[in-house]
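I opened this notebook to follow the strands first and then to look for enclosed empty space. The entries below keep to that order.

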Amino acid sequence: MGLEKDFLWGGATAANQCEGAWNVDGRGVSSMDTIPVGEKRQLLGTGEYPVNEIDPVNEYYANHEAIDFYHHYKEDIAMFAEMGFKVFRMSIAWTRIFPNGDEETPNELGLQFYDNVFDECRKYNIEPLVTLCHFDAPIHLVKTIGSWQNRKMVEYFVKYCLVVLERYKDKVKYWITFNEINMTVHFPFVGAGVIYEAQDNREEIKYVAAHHQLLASALATKIAHEVNPENKVGCMLAGGCTYPYSCNPQDIWKAMGKEREGFFFTDVQVRGEYPQYAQKLFERNHFNIGITNEDIKILKENTADFISFSYYQSRCAGVDQSLETTEGNIIRSLRNPYLYTTEWGWQVDPMGLRITLNNLYDRYQKPLFIVENGLGAKDTVDENGQIDDQYRIDYLRDHIKAFKDAVELDGIKLLGYTPWGCIDLISAGTGQMSKRYGFIYVDKDDNGQGTLKRMKKKSFYWYQKVIASNGENLD
Ligand code: BG6
C-alpha cells in the first residue's frame, strides 16, 4: 500500500504570476499584464471592461515585476530541489516566444530563458510539467482579432506550440495545454482574452472561444505526440465537486448542471466529442459555434493522456435564492454550513478532494494529476525572521490524507501532486501579494514594496519530510 515510488511530488506556478520582467528581452504584452489590482481587476476579469493601454501612472500592475522569477530562477529551483521536488509545474509565457503572437519567427531570447529553466530543473532531476497557456494571450491578438473568439487564434497558437514542443522535446515530457480551460465560460477575459462589444451575444461568444481552445488543445496534443511519442499531455480543469444543497430533486438537478459546466470541457478533451447535453445547449440557444467535420475528427483523434485539475474547494448548488453565498476559485457557491472558509471565503473541504478524484476517475478511467491545491493566507514574519504557517500545514495535510485515501482505498490512479504557489506569487484573482500560498516566503507587499528576499516557512521543512517519506510522514 501507499503511493507509487515514482509519485510526482512538487509545486506549481504560472509565468504571468511569478516571472515579472514583463517587458524584458523582447517579451510582448500579454492580456494578464493589462489587469490592474483593485476593483478594476474584477471588471476586466469578466470581459465588461474595455481593455486600455497600460497606465503606469495611475495604476499598479502587480505582475509586471511579480516575484521576478525571471532573474531568480536558479535560487528558486535550488530551494525546490532542497524540498525534494520531483516535478515543477510552470508555464511558458506565449509573449516571450511570439511577442505579438503573429510574428514569422520566434524570439530567441525568450526561448533561451526556458532552456535555462529546464536545464536548471534537470540539474536536480526535477521533471518540468509545462502549461502551454496559463491565462495569457498576446494583447496584440486581443486587440486586432478579438483573441479566442476568432478562429485565427488557433493557427497562431499552433505555430507557437510547434516551436516550443520541438525546441524542448528532449527536456520536457509532461505538458498541459490550457490552464483551467473552464475559466473561459466563467471569466472570459482571463480565460480567453475575450472583450465584449455592446451588441455581442455573450453566451454564444464564450462557447465559440471555448471551441477554439478545445480545438487548439487537441492540435497541441497531436503535435506533442508527433514530436515525441513519449510526451504525456494533459487537459486541465478548475476542479471541485458541486453538492446539491439538499435532497430536493431540484437542488440535485441544479448541482448536476453545475458539474456539467466543467465536464463540458473534459468530456471533449478526454472522450473526444461534445456530450449530448452540450449539443442540446447549443441547439436550444441557437448558438452558431462553427464546428466543422474536420474539427470533429481532430477532437476525436487527439484526446488527453491524463486529466489534471486544481482543487481548492467544493461548491454547493440549490434553487433557494435566499441562501447565503460565498466566494470561490472562479465560481461562487452557496455557503455549505458544514465547512469553514478561508479569509477569502473559499470553503475548505478535504473530503471533497476525494470525491472529486472519484468522480473524475469513475467518469473517464484516465490517470489524474492534482496540479493545484493550497491555502491562500496572510503570513507574518516574526522578530526572529521565522514564519509559522501551521494553518497551511494543517490544510495540506488534510488534503494529502484525502488523496491518499482515494489512491489506497478507492483505487484511483494519481500521477502526482503540485500544490499551488509553492513559492509566494501574485494572486490571479485579486492581484494581491498578501494572499500567499508558498512554502517559500517572498518579501514583497501589495504595493510592490520589498526586497524580494526568499525565506523558508515552517511548511518548507514539513513538506520536505512529506516528500522524503513519500507521503507517509505527515506530522
Ligand atoms: C487557479 C489558477 O484559478 O487558482 C491560478 O490556475 C490561481 O492561476 C489559483 O492563482 C489561486 O487563485 P488566486 O485567485 O488565489 O490566485
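Before tracing the fold, I note that two strands count as paired if DSSP finds at least two bridges between them. The model I am reading is predicted.

Entry on the barrel. I looked up the strand order and found that 8 strands close into a barrel as 1-2-3-4-5-7-11-12, with parallel pairing. From one strand to the next, the twist averages 30°.

Entry on one pair within the barrel. I checked strand 4 (residues 174–178) against strand 5 (residues 232–238), and these run parallel and are joined by 3 bridges; for Tyr174, the bridge partner in strand 5 is Lys232. I then looked at what packs there, and helix 11 (residues 249–271) lies across strand 4, strand 5 and strand 7 (306–310), running at about 170° to strand 5.

Entry on cavities. I searched the whole structure, which gave 5 cavities of 30 Å³ or more. The largest cavity holds about 70 Å³ of space, and of the 13 residues lining it, Ser217, Thr221, Gln269, Asn302 and Ala304 are the closest to its centre. Which elements supply at least two residues each of that lining? They are helix 10 (202–227), strand 5 and helix 11, and helix 10 gives the most, with 4 residues. By class, I recorded 6 nonpolar, 7 polar and no charged residues in this lining.

Entry on the second largest cavity. I noted a volume of about 60 Å³, and a lining that includes Tyr312, Trp346, Tyr395, Lys435 and Tyr437. The lining of this second largest cavity divides into 5 nonpolar, 4 polar and 1 charged residues.

Note on methods: Residues numbered from 1 in each chain as written. Predicted model: local features only at pLDDT ≥ 70, side-chain atom pairs only at ≥ 80, totals over all residues. Heavy atoms only, no water. Axes fitted to C-alpha atoms, helices over the stretch in contact; angles between N-to-C directions. Contact = heavy atoms within 4.5 Å. 1 Å grid on protein atoms, 1.4 Å probe; cavity = no way out; pocket = protein on both sides within 12 Å on 5 of 7 lines; lining within 4 Å. Points joined across faces, edges and corners; volume = space filled by probe spheres on them. Nonpolar A, V, L, I, M, F, W, Y, C, P; charged D, E, K, R; others polar.
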